[in-house]
Amino acid sequence: MNRLSRAEVAARAAEVLRGNDRGLHTVAAPRLYPHMWSWDAAFIAVGLARMSASRALTELETLFAAQWGNGMVPHIVFSANAPLYEPGPDRWASKETSPHAPDHAATSGLIQPPVHALALRRILDAARSSDAAGRRDVIARIRILWPKLLTWHRYLAEHRDADGRGLLMIYHGWESGMDNSPRWDTPYADVVPEPGFRPFRRSDLAALGEQSQRPTDADYVKYQWLIEELRQARYDDELARKSLSFRVADVFASAIFAAANEDLARVADELGLGATDELLGYAERFRRGVLGTTDEDGFAADVDLRTDTALRTKTIAGFAALLSGGLDAERRRRLVDLLLSPAWCGNPDLAYPLPPSTSPEAPEFDAARYWRGPQWPPMNLLIIWGLERSGEHDAAERLREVALYQLTDGVFAEYYEPFTAHPLGSRPQSWSAAVALDLVGG
Ligand code: 9WN
């Protein structure tokens, strides 16, 4: 296979982002995901910041323009005249169903992990190297956007962690961004659609033309049914947290949230925007929440909130504490050793020593199917950031090099088969291109 140089990979990645740019937003992928996705937008902004801080900020501005009245940031913002994606706006019927949904945008009614403040901080850092006028413009716009991120964080802290345990509650596997991860197998076993429920047509299989890399039909019926349940609860958190048949504390999103609160506080501090104590308080609360689920190796667990039981699957989410921080030095060492061990990046059969989404030693591991085994570029980036935040700079640097090398195939696939390095899923996927730009740096 021909490998691109660092300069070539950056140029190709920039070309992909330009090709997927629709003016004020970037589609997650042109055919499979022809709209804006929340956490994709954050990763895309991180990549765009390497090209233009101003354009990167536009990405977040567009996303937050679709924020709901209660502070929720929807996981999809639909574009008009895009190829078919199901569930589309009619299925969600958010405007008709919730008083909080915006009038001017068609959106879903779920969330995704709150990576946005991590992106905002990087945009502010990038703006420092712009010319004076560009810097002033970006900083003025960050001042306008920042309160919306604060409202988003307040929504998460108040409505998705109502009892203050420091873990975010999700109502759907899609909210974790890791849709069919084995993390959710146990809770999904209790999601049973009503007899007579009519699922919609799957647009993903037609767009991809490959079934073995996507969730199964049985999974999909459950995904659709949960949307129905959420709609019946009128997207009302009070009702949803009592009635949904999927209610789980997502430890990885909680760790991201801890880090995001620190970054939002840092932006606030640098620009004199206030609320830093509040944000650092959230960071501490969620750091403790994550740490409370860890075992003797520092490996974290989700919690099934319907039964209050820990879900101890061997997925990449177990490394949450790298992102949240707070492990003592000995357990942090053990967690990094675990990450580099044969159960994970050190597995001798891997094409590249990068973290698979599920441990190859886990019984649920499936090398080609979506979140059940493949390596995902944005996950590599999150783990790298986690190592950096934890002061594990050597491990971070090594992973950075390998993660970039994987992307020098120039395909920018959505995910990669870990043993063959075969590109899988949609391509070119915007966030994979964005990750490449960030890894190249500069
Ligand atoms: C459902 C857009 C999104 C990512 C998710 C990924 C996938 C959607 C789907 O694509 O989810 O939200 O249709 O499968 O799992 O992480 O944000 O790239």
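**Ligand shell.** I began with the surroundings of the ligand in this predicted model, and I found 17 residues around the ligand, the closest being Asp40, Tyr85, Gly177, Asp179 and Tyr370. Sorting that shell by class, I noted 10 nonpolar residues, four polar ones and three charged ones.

**Polar contacts of the ligand.** I then looked up which N or O atoms of the protein face the oxygen atoms of the ligand. For Gly177 I noted a backbone N or O atom that lies 2.6 Å from a ligand oxygen, and for Tyr370 a polar side-chain atom at 2.6 Å from an oxygen atom of the ligand. Arg214 also enters this list, with an N or O atom of its side chain 3.0 Å from an oxygen atom of the ligand. After these contacts I checked the cover: on its own the ligand has 410 Å² of accessible area, and the protein covers 100% of that area.

**Site.** I next asked myself where the ligand sits. I found the ligand in the largest cavity.

**Cis peptide bonds.** Turning to the backbone, I kept in mind that most peptide bonds are trans. I recorded a cis peptide bond between Glu86 and Pro87, where omega is about 0°; Pro87 belongs to the loop that runs between β2 (76-77) and α4 (89-92). I recorded another cis peptide bond between Arg427 and Pro428, with omega about -5°, and I placed Pro428 in the loop between β8 (423-424) and α19 (430-440).

**Positive phi.** For this entry the background is that most residues other than glycine have a negative phi. Against that I noted Tyr235, a residue other than glycine whose phi is positive, near 55°, and which I located in the loop between α11 (217-232) and α12 (237-243). I noted Phe412 as well, likewise not a glycine, with a positive phi near 55°; the loop that holds Phe412 connects α18 (393-407) and β7 (415-416).

**Accessibility of these two residues.** I finally asked whether Tyr235 is buried or exposed. Tyr235 has 5% relative accessibility, and because buried means under 20%, I entered Tyr235 as buried. The relative accessible area of Phe412 is 0%, so by that cut-off I entered Phe412 as buried too.

How values were computed: Residues are numbered from 1 along each chain as its sequence is written. This is a predicted model: local features need pLDDT of at least 70, side-chain atom pairs count only at pLDDT 80 or more; totals for chains, interfaces and linings use all residues. Side-chain values use heavy atoms; hydrogens and water are left out. A residue is near a molecule or strand if one of its heavy atoms lies within 4 Å of it. A polar contact is a pair of N or O atoms within 3.5 Å; within protein, one must be able to donate a hydrogen and the other to accept it, and residues adjacent in sequence count only if both atoms are side-chain atoms. Accessible areas come from the Shrake-Rupley method with a 1.4 Å probe; for residues, only the protein chains shown count as cover. On a 1 Å grid over the protein atoms alone, a cavity is a set of points where a 1.4 Å probe fits but cannot get out, and a pocket is an open set with protein on both sides within 12 Å along at least five of seven lines; lining residues have an atom within 4 Å of a point. A molecule sits in a cavity or pocket if more than half of its atoms lie within 2 Å of its grid points. Ala, Val, Leu, Ile, Met, Phe, Trp, Tyr, Cys and Pro count as nonpolar, Asp, Glu, Lys and Arg as charged, and the others, Gly among them, as polar. Helices (H or I, at least four residues) and strands (E, at least two) are DSSP runs, numbered from the N terminus. Buried means under 20% relative accessible area, exposed over 50%, partly exposed in between (1.4 Å probe, protein chains only).
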